[in-house]
Amino acid sequence: MKILVPLNSEECLEEYVEAGADELYMGFYDPKWFETFGRYADINRMSGFKEKANRYDFEGMLHMAEKTKSFGKNAFITMNANCYSEEQIHFMEEHYFPAIKEVNIDGLICSDIHLMRAATAAGIPTVASTMCAIYNEDIARYYYQAGTRRMIVPRDLSLDEIESICRAFPDVEYEVFFMRNGCIFADCYCLGMHRKECGATCAFIRNHPKEILSDKQGFEEMHDVNLNDHLYNEVFHRETCGMCALYRMKEMGIRSLKIVGRSDQHKAVCADIRLTRKNIEIAEKASSEKEYLDSMIFPSNAKRKCLSGLSCYYPEVRFSESPIK
């Protein structure tokens with residue numbers, strides 16, 4: 001299994017590689033794109049945060065991709081906005097694709113089937129983004145027939161659901177969400193934008209002052225309403241982890257474990273890389289899931305994060321059913 005991490009600073013690259021990262025994904029910020037299509041036309045899901053999430057322009061990003069390849073690691077570029085117009089795809093074909101192909105990246109992370117077909121025609125390997133909503137083997141077949149051989153499965157799928165897709169198309173490389181930032185929504189069905197001026201839709205709902213209105217009047221009923229609001233907005237998927245599921249992922253042939261957080265502190269990302277690398281080694285030596293779970297190394301904040309299951313990407317490993325109701 002490979003460890004995939006976001007790269008937003010060239011200074012972090014060597015540190016990530018030394019920590020154990022195998023694959024790096026990156027985006028870019030292009031003023032010419034916004035001059036052409038307007039400030040709300042995203043190149044990728046993080047374009048609204050501008051240079052904070054995509055620190056480099058196109059040329060700088062290509063340099064980072066080349067440097068990543070020079071370390072013998074895989075490089076991926078994100079073009080995973082909510083949607084693209086025909087004119088925007090033509091712009092990409094003319095202004096981005098030739099240079100991307102020259103760098104020989106390992107995959108263009110695409111959210112749009114038309115973009116995917118255009119990249120494939122240009123000789124660029126594609127990755128089906130989580131925005132593609134690959135919730136079952138029928139949807140996976142659609143992208144498989146379009147030529148993609150790497151797919152990112154949604155973060156809200158169970159392990160059994162992921163395994164059924166893996167069995168249907170065993171020659172595909174599957175990437176799963178594994179550590180750090182969770183989300184209360186499904187990426188592919190969230191049409192909200194990540195914007196510097198207002199944050200993300202999910203963050204706005206979590207953090208904006210609000211008043212709960214309910215027709216429930218009893219003490220116990222209001223307790224349940226307020227507790228549910230607290231759990232979903234203050235605890236659920238705040239800092240998410242899939243470490244307990246690593247052995248099952250190894251057994252089903254998952255290719256890549258994704259550590260998210262393009263705007264996160266690089267030392268925290270490095271800590272997650274090292275922990276994941278150590279547990280991959282433990283899983284590879286274990287002869288059963290029980291042996292792995294008895295030997296695995298927990299996150300440093302496991303007591304707070306793990307016991308309720310509210311920070312679990314895959315809570316079914318710890319619980320017979322998800323504690324989220």
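Arg 167 and Glu 163 both belong to helix H8, where four residues, about one turn of the helix, separate them. In this predicted model, the two side chains form a salt bridge, with 3.9 Å between the closest N and O atoms. Arg 167 is exposed, at a relative accessible area of 58%, whereas Glu 163 is partly exposed, at 30% relative accessibility.

Helix H8 spans residues 159-168, and its buried residues are Leu 159, Ile 162, Ile 165 and Cys 166. These residues lie on the same side of H8, because they cover an arc of only 125° around the axis. The face turned away from that buried side carries the exposed residues Asp 160 and Arg 167.

The whole structure contains 17 salt bridges. The table lists three, among them the pair in H8.

| Salt bridge | Closest N to O distance |
|---|---|
| Arg 167 and Glu 163 | 3.9 Å |
| Arg 255 and Glu 173 | 3.0 Å |
| Lys 258 and Glu 175 | 3.8 Å |

Lys 258 lies in strand E9 and Glu 175 in strand E7, so their pair ties together parts that are 83 residues apart in sequence. Both Lys 258 and Glu 175 are buried. Through shared partners, salt bridges join Glu 23, Arg 150, Glu 173, Glu 175, Arg 255 and Lys 258 into one network. Within this network, Arg 255 is partly exposed at 24% relative accessibility, and Glu 173 is partly exposed at 29%.

On the surface, Asp 215, Glu 220, Glu 221 and Asp 224 gather in a patch of negative charge. Asp 224 lies in helix H10, residues 219-235, and is partly exposed, with a relative accessible area of 48%.

Technical notes
Residues numbered from 1 in each chain as written. Predicted model: local features only at pLDDT ≥ 70, side-chain atom pairs only at ≥ 80, totals over all residues. Heavy atoms only, no water. Patch = residues over 30% accessible without salt bridge, like charges linked within 9 Å, V, L, I, M, F, W, Y side chains within 5 Å. Areas by Shrake-Rupley, 256 points an atom, 1.4 Å probe, with all protein chains shown as cover. Salt bridge = Lys/Arg side-chain N within 4 Å of Asp/Glu carboxyl O. Lys, Arg positive; Asp, Glu negative; His and termini not counted. Charge placed at Lys NZ, Arg CZ, Asp CG, Glu CD. Helix = DSSP H or I, 4+ residues; strand = E, 2+ residues; numbered from the N terminus. Buried < 20%, exposed > 50% of the residue type's maximum accessible area, 1.4 Å probe, protein only. Arc of directions from axis to C-beta.
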